[in-house]
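Colleague: I'm new to reading protein models, so could we go through this one together? I'll ask, and you walk me through each answer.

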Amino acid sequence: MAKVAADSPVKNHLLAALPHKEYKRLLPHLELVSLGAKEVLHEPYQPIQYVYFPENGLITNVVFTEDGACAEVGVIGREGMTGICVFMGSSTAPFKAVVQIPGEARRMEAAVFQAEARRNLPWGDLLLRYSQAVLCVVSQSAACNLLHAVEKRCCRWLLMTHDRMDSDEFPLTHETLGLMLGVHRQSITGVARSLSRRGLIHYRWGKVTILDRHGLEAAACECYQLIRQQFRF
């Protein structure tokens, strides 16, 4: 993890939604850092030292079973933050937070974040609304994973990732996407070929390029739009 210039304009939607005066007051506690691919931000049931507000890139929350299997239970980009459980009074989370696509984020010490959330009314109100959005997204994603076909779920995930990127192209392997959706890599390979043949995406050498955004939205399930609406503060 590397530090970057602290005076760059804020891109995180949660921080940008704060009144300017409140954001300026929090700024000394917000360290701008660069996050590398596969970097672990916190482990399951281990004390959370920092919360992160991504400016770009993608962070996923991943749960593990006793046999070593894992599945993604949350995607975090510039719309939100990691460690929302700290706001709820906990010092740990039941999942691992992992950087899937590298980028930059502003981080704050968890203890400082918790204290500021309690004393700062605009900040606390915003975090309550974000917490509600996260709960709605988790519920919708659970239903989606049970009820919808892999291709529709894949389109949803690609769109959610595209929303958080500064480019139509981003790094993503079949293995990673399979882990995120809880399916075998072969299933992802078949879906990627289908989407490529229809001109919706281009995939090569571990990189995905979104070619037809509208077509991808049409191919996704309704869960994408429902989830997207939750983060319009």
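Colleague: Which residue is the bridge partner of Y203 in β11?

Modeller: Keep in mind that this is a predicted model. Strands β10 and β11 run antiparallel, and four bridges join them. Look across from Y203 into β11, and the bridge partner there is V208.

Colleague: What phi does W205 have in the turn of that hairpin?

Modeller: The hairpin of β10 and β11 has two residues between its strands. W205 sits in that loop, between β10 (201-204) and β11 (207-210). W205 is not a glycine, yet its phi is positive, at about 50°.

Colleague: And is W205 buried or exposed?

Modeller: To count as exposed, a residue needs over 50% relative accessible area. W205 has 75%, so the label is exposed.

Colleague: Where else does a residue that is not a glycine have a positive phi?

Modeller: Try the loop between β2 (31-35) and β3 (40-42), where K38 lies. Its phi is about 70°, and again the residue is not a glycine. So the name to note down is K38.

Colleague: How does K38 count in terms of accessibility?

Modeller: Here the value falls between two cut-offs: buried is under 20% and exposed is over 50%. K38 comes to 48% relative accessibility, so it counts as partly exposed.

Colleague: Let's go to another hairpin. Which residue takes a positive phi in the hairpin of β5 and β6?

Modeller: Strand β5 (residues 58-64) runs antiparallel to β6, with six bridges joining the two. Five residues lie between these strands in the hairpin. The one with a positive phi, near 95°, is G68.

Colleague: Which residue in β6 does V62 stand opposite?

Modeller: We're still with the pair of β5 and β6, the one held by six bridges. Find V62 and look across to β6, and the residue opposite is E72.

Colleague: What comes after β6, say around T82: is that residue buried or exposed?

Modeller: T82 is in the loop between β6 (70-76) and α3 (84-87). The cut-off for buried is under 20% relative accessible area. T82 has 0%, so it counts as buried.

Colleague: Which residues is T82 in contact with, leaving aside its neighbours within four places in sequence?

Modeller: Being in a loop doesn't leave T82 without partners, as the list will show. One of the contacts, I76, belongs to the stretch 70-76 that makes up β6. The full set is L41, Y50, V51, Y52, I59 and I76.

Colleague: How many of the five residues of β4 are buried?

Modeller: Strand β4 covers residues 50-54 and is described as mostly covered. It pairs with strand β8 (residues 103-109) in the antiparallel sense, over five bridges. In that pair F53 stands opposite R106 in β8. As for burial in β4, the count is four.

Colleague: How far apart in space are A93 and D168, C-alpha to C-alpha?

Modeller: A93 has its place in the loop between α3 and β7 (96-101). With a relative accessible area of 1%, A93 is buried, and its contacts include H42, P44 and C85. D168 is 75 residues away from A93 in sequence, and the distance in space is 32 Å.

Colleague: What separates the C-alpha atoms of A218 and C155?

Modeller: A218 is found in helix α9 (residues 213-219), and at 63% relative accessible area it is exposed. Along the chain, A218 and C155 are 63 residues apart. In space, their C-alpha atoms are separated by 9.0 Å.

Colleague: Now the whole chain. Why is it as compact as a globular protein of that length?

Modeller: The secondary structure comes to ten helices and eleven strands. For 233 residues the globule rule gives 17 Å, and the chain's radius of gyration is close to that, so it is as compact as a globular protein of that length. The radius of gyration itself is 18 Å.

Colleague: What share of the contacts with a separation of 6 or more comes from residues 24 or more positions apart?

Modeller: Some background first: 48% of the 233 residues count as buried, and the C-alpha atoms fill a box of roughly 50 × 40 × 30 Å along the principal axes. For those contacts, residues 24 or more positions apart account for 76%.

Terms used
Residues are numbered from 1 along each chain as its sequence is written. This is a predicted model: local features need pLDDT of at least 70, side-chain atom pairs count only at pLDDT 80 or more; totals for chains, interfaces and linings use all residues. Side-chain values use heavy atoms; hydrogens and water are left out. The radius of gyration is taken over C-alpha atoms; the globule rule is 2.2 Å times the number of residues to the power 0.38. Buried means under 20% relative accessible area, exposed over 50%, partly exposed in between (1.4 Å probe, protein chains only). Contact means heavy atoms within 4.5 Å. Two strands pair if DSSP finds at least two bridges between them.
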